[in-house]
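Subject: Structure for your review

Dear colleague,

Please find below the structure that I am handing over to you, together with its sequence. My notes on the findings follow it.

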Amino acid sequence: MATIERVEVLVTSPGRNFVTLRITTSDGVTGLGDATLNGRELAVASYLEDHLAPLLIGRDPARIEDTWQYLYKGAYWRRGPVTMTAIAAVDVALWDIKGKVAGLPVYQLLGGRSRDGVLVYCHASGTDVEALLDDVARYQEQGFHAIRAQAAVPGLSGSYGVRKGQLYEPAATNLPDEQAWSTEAYLDVAPGYLAKVRERFGFGFHLLHDVHHRLTPIEAARFGKSVEELRLFWMEDPTPAENQEAFRLIRQHTTTPIATGEVLNSIWDVQGLITEQLIDYVRTTVVHAGGITHLRRIFDLAALYGVRTGSHGATDLSPVTVAAAVHVDISVPNFGVQEHMGHTAETYEVFRGTPRLANGMLYPSDEPGLGITYDDEVAARFPYDAKYLPVARRLDGSMHDW
Ligand code: CS2
Ligand code: MG
């Protein structure tokens, strides 16, 4: 029987920071897992290096479920983004190994394809409405069928979701950038610019919007009601996801579909939202919600209640997560949509073999395992570069949700 012989925590920063776990077995088979937690990367790197790696050496790599239970129950202190991201990295690396040993792509181990391709949504944004409309047009020309739209809020510094360079990268400063927020100013413009998108491009594509945790429950209800005739695919994170009662109130006022979950990391965090059908899409991810093993449990629970998947897939989730997510997305029966923002050219030099993107769909690799490789030599060219996510302060200076 092969055993786990080597556990490496690899940190690199090809345009942004990524933490990757590489497990090597006594048969020389390697597996990769993403362990990136934007703005808190080294906490997960240490959790893996100092606390989990010693427990993995000598274990049977084939025992994925037992390892998951061992690391989850064995910590005593449960859940949370750091713990569940570390466990996720181990889990995904072991699925990668299992696929390589079986000579099968991971999706074949998960029940095979339920669809030919994975519908993705991209991020259109603009510093004003015209710039947003131009960006939507650009993505439609590239063949995307689902597009998220975000525009700057006049008068506020650093609106959420407005790209500055080629890719939207919020963790861009050595200390948190303090951005001003005004709910009134946002509610004055957001429904309007979303309406302009529908006016210009019609209803022949999925239009999404990320509120990004910013509203109170009744404000979110008002926002949802105000955009009902725009038929959004979803309004995302209308309120901070940890207050699950909020979604009950929002539900009473609007039929605009709701997506949440990217900051949540276990089935217990989304259990009520799903079983009481307070949301329509669950956005938990392979990298932050305990890996493939746990994410499948969440998605299977969601399937029982007509809740579909809509996993987070921003630039701060590495190509290892993109690959693992597509293996899950292609196989689950209740797939909804997969977020995909892409990565820098340097990132694709470090991580090779990412899923193919064509006509607004992602297609998994048919290589055994995840189909991703990690180039140590290229990675060494990009040392860790600590960066923080912004914070938001209301106009009176008090803290708000960013
Ligand atoms: C956003 C993310 O993509 C999304 O839906 O919520 O851009 C999020 O702000 C970042 O992943 C935070 O690191
Ligand atoms: Mg989001």
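In these notes, contact means that heavy atoms lie within 4.5 Å, and the angle between two axes is taken between their N-to-C directions, on a scale from 0 to 180 degrees. With those terms, helix α3 (residues 81-102) lies across β1, β2 and β3 and runs at about 145° to β3. Please bear in mind that this is a predicted model.

The sheet beneath this description is open and has 3 strands in the order β1-β2-β3, with antiparallel pairing. Strands β1 (4-12) and β3 (30-34) stand at its edges with a single partner strand each, so one side of each has no neighbour in the sheet. On average, neighbouring strands here are turned by 20° against each other, direction ignored. Strand β2 (residues 18-25) is joined to β3 by 5 bridges, and Arg-22 stands opposite Leu-32 in β3. Helix α1 (residues 41-56) also belongs in this picture: it lies across β1 and β2, running at about 170° to β1.

A further open sheet of 3 strands has the order β6-β17-β18, and its pairing is mixed. Its edge strands are β6 (178-181) and β18 (399-400), each of which pairs on one side only. Strand β6 runs parallel to β17 (residues 391-394), and 4 bridges join the two. Within this pairing, Gln-179 has Ala-392 in β17 as its bridge partner.

Turning to helix packing, the axes of α9 (residues 267-275) and α10 (residues 291-304) come within 10 Å and cross at roughly 10°. Angles under 35 degrees count as roughly parallel, and α9 and α10 are therefore roughly parallel to each other. On the α9 side, the contact is made by Ile-267, Trp-268, Val-270, Gln-271, Ile-274 and Thr-275; α10 contributes His-294, Arg-297, Ile-298, Leu-301 and Ala-302. By class, this contact has 7 nonpolar, 3 polar and 1 charged residues.

Finally, there is the ligand site. Ligand 1 is surrounded by 15 residues, the closest being Tyr-160, His-212, Glu-236, Glu-262 and Glu-339. An oxygen atom of ligand 1 is 2.4 Å from an N or O atom in the side chain of Glu-339. For the side chain of Glu-262, the corresponding distance from a ligand 1 oxygen atom to an N or O atom is 2.5 Å. For the side chain of Arg-148, an N or O atom is 3.5 Å from an oxygen atom of ligand 1.

Kind regards

Terms used. Residues numbered from 1 in each chain as written. Chains lettered and ligands numbered in written order. Predicted model: local features only at pLDDT ≥ 70, side-chain atom pairs only at ≥ 80, totals over all residues. Heavy atoms only, no water. Pairing = 2+ DSSP bridges. Parallel < 35°, antiparallel > 145°, perpendicular 65-115°, else oblique. Nonpolar A, V, L, I, M, F, W, Y, C, P; charged D, E, K, R; others polar. Near = heavy atom within 4 Å. Polar contact = N/O pair within 3.5 Å; in protein donor to acceptor, adjacent residues only side chain to side chain.
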